Structures are given as structure tokens and as C-alpha cells.
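Reader: I've got a model open and I'd like to talk through its rings and a few odd spots. Can you walk me through them?

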Amino acid sequence: MISRRLFCGCLAAAGSFAATAVHAQMECAVFTPERQKQTTPDEALQRLRDGNERLLAGKSIHCNLVSQLKDTASGQAPFAAIVGCIDSRVPPELVFDQGIGDIFCARVAGNIVDVDIIGSLEYATKVAGAKAIVVLGHSSCGAVKSAIDGVQLGNITALLENFQPALATITPEDGPRDSHNYPLVQKVAEANARLTAASLTRRSSIIKELADSGQLKMVAAMNDIKTGKVTWLS
């Protein structure tokens, strides 16, 4: 015979499972133009925060990717755009626990922006409707380390020139200008993410117009490659 307490416990567990299943179903639903339009910039950023928290808690949502492929085959309406590094340990879709069709991703060593990436962000926001841009840096970034050490090698030399504004934040108090100086590497990586995000409205009249009208927000963030945690810088 099942006791009343056990019966109530089973009901509660069933209710919790059902609620979790419904939540997962909602998170796996692809973004439609209407859903994207109804999403505010703050809500877009909160979705990314929530996704990273799920990752850290070991509760990533495992969606049916084949189903998402079919649902987005005729069009896309991502809610955010991420500028990330090419580092294999920091894939934005996994870091923020997002599915197919949820976010635009522009990836380049050191998460810097040039005319091509800025043009891509203009498309992602003005044309395709994304509500937020996140410049995502990360700890122990090889590109940042190379910039600090003044590496000169092929086209990498020109790429590293993009870090000059962040390198200008270094002071004598930061210690040796060396890639083995972890606090210095972290400082430059954070400065690079902040300065890159802040530069978007200066370098793009389209992005500035969207930001000034409240249709778009730009923020900088850092991912810790040891834990997966995203720290929001702005």
C-alpha cells in the first residue's frame, strides 16, 4: 500500500518533471521573427545569462537539433550576436547553452573587430533584427599573449595591431610585460573586450542609431576557460 506521504511525493516529482519538460520545450523552440520582435535587448542578454548558468549547473538543455534544422531551414531570427575568439574552448553556442538559429557568431582570434565583422554585426542587427551584441573575451587568450609579447609572424602581425588600445592600458604597476604574467594577460583581455564593445557605436553609424533608439545593447564579457563561467563587464 502506498502511503499518503509517498503518494504526495510522487505527485510533486511528477509535477516537477512535467514543469522541467515544458521549460525545455520552450527553450528548444526556435526563434521566429515575431518572437524576436517581442524580445527586448535586456531580455536577450538575460537569455544568455540564464544559458550560462544552466551550463555551470550541469543542466544544459539538449534539444533535438534535427528538428531545429528543419524549423530554421526557411529563415532565421536570432536574438543576439556574439563576437568571440576562435579558441576551441569557448564556443558561444555551448557557453550560453543556445541552439540552432538562436545567435549569430563572429569568431576571430582575440575577439577583435574589423570592417568585415562590423559589417556582419550591422547585418545581424539592422537587417536580421538581433537585439544584443556581446563581445566575449576569455582567460588565457593566446592572441592577447602574443600581442603582449610582440609576436611578429605572417598576417598575425597585422592582426595583433588591433590590440594596441588594450595594450595602452598597461602600467609599470602591472609588472613584467610578459605573457607568463597572468594578471597582466587577464587585464589586457578584459580591456580589449570592453574597448571593442565600446568602439562599435563609434565605428558604425548603423549600430549607434540602433543603440541610441533603445533597440540594441552592446556589452563586454569574459569567459573563464577553467570553469566556463561568464563574467559580465558592462
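Author: Sure, one term to begin with: buried means under 20% relative accessible area, exposed means over 50%, and partly exposed is in between (1.4 Å probe, protein chains only). Also, this is a predicted model, where local features need pLDDT of at least 70, side-chain atom pairs count only at pLDDT 80 or more, and totals for chains, interfaces and linings use all residues. Residues are numbered from 1 along each chain as its sequence is written, and side-chain values use heavy atoms, with hydrogens and water left out.

Reader: Is Val151 buried, exposed or partly exposed?

Author: Val151 sits in the loop between helix H7 (142–149) and helix H8 (156–160); helices (H or I, at least four residues) and strands (E, at least two) are DSSP runs, numbered from the N terminus. Its relative accessibility is 31%, so Val151 counts as partly exposed.

Reader: Which residues form a nonpolar patch on the surface?

Author: Patches take residues with over 30% relative accessible area and no salt bridge, joining like charges within 9 Å and nonpolar side chains (Val, Leu, Ile, Met, Phe, Trp, Tyr) within 5 Å. A salt bridge here is a side-chain nitrogen of Lys or Arg within 4 Å of a carboxyl oxygen of Asp or Glu. Areas come from the Shrake-Rupley method with a 1.4 Å probe, and for residues only the protein chains shown count as cover. With about 240 Å² of accessible area together, the patch is made of Val151, Leu153 and Ile156.

Reader: How many aromatic pairs does a search of the whole structure find?

Author: Rings of Phe, Tyr and Trp (its six-membered ring) pair if their centres lie within 6.5 Å; planes under 30 degrees apart are stacked, over 60 edge-to-face, and the rest tilted. By that rule, the search of the whole structure turns up three.

Reader: How far apart in sequence are the parts that Phe96 and Trp232 tie together?

Author: This pair is tilted, at 6.0 Å centre to centre and 40° between the planes. Phe96 lies in the loop between helix H5 (92–95) and strand S2 (103–107), while Trp232 belongs to strand S5 (residues 230–232), so the parts they tie together are apart in sequence by 136 residues.

Reader: Which of those two, Phe96 or Trp232, is buried?

Author: Trp232 has 22% relative accessibility, so Trp232 counts as partly exposed. With a relative accessible area of 0%, the buried one is Phe96.

Reader: Over which ring does the charged end of Arg47 sit?

Author: A charge sits over a ring if NZ of Lys or CZ of Arg is within 6 Å of the ring centre and within 35 degrees of the ring normal. For Arg47, the distance is 5.0 Å from the centre, and the ring belongs to Phe79.
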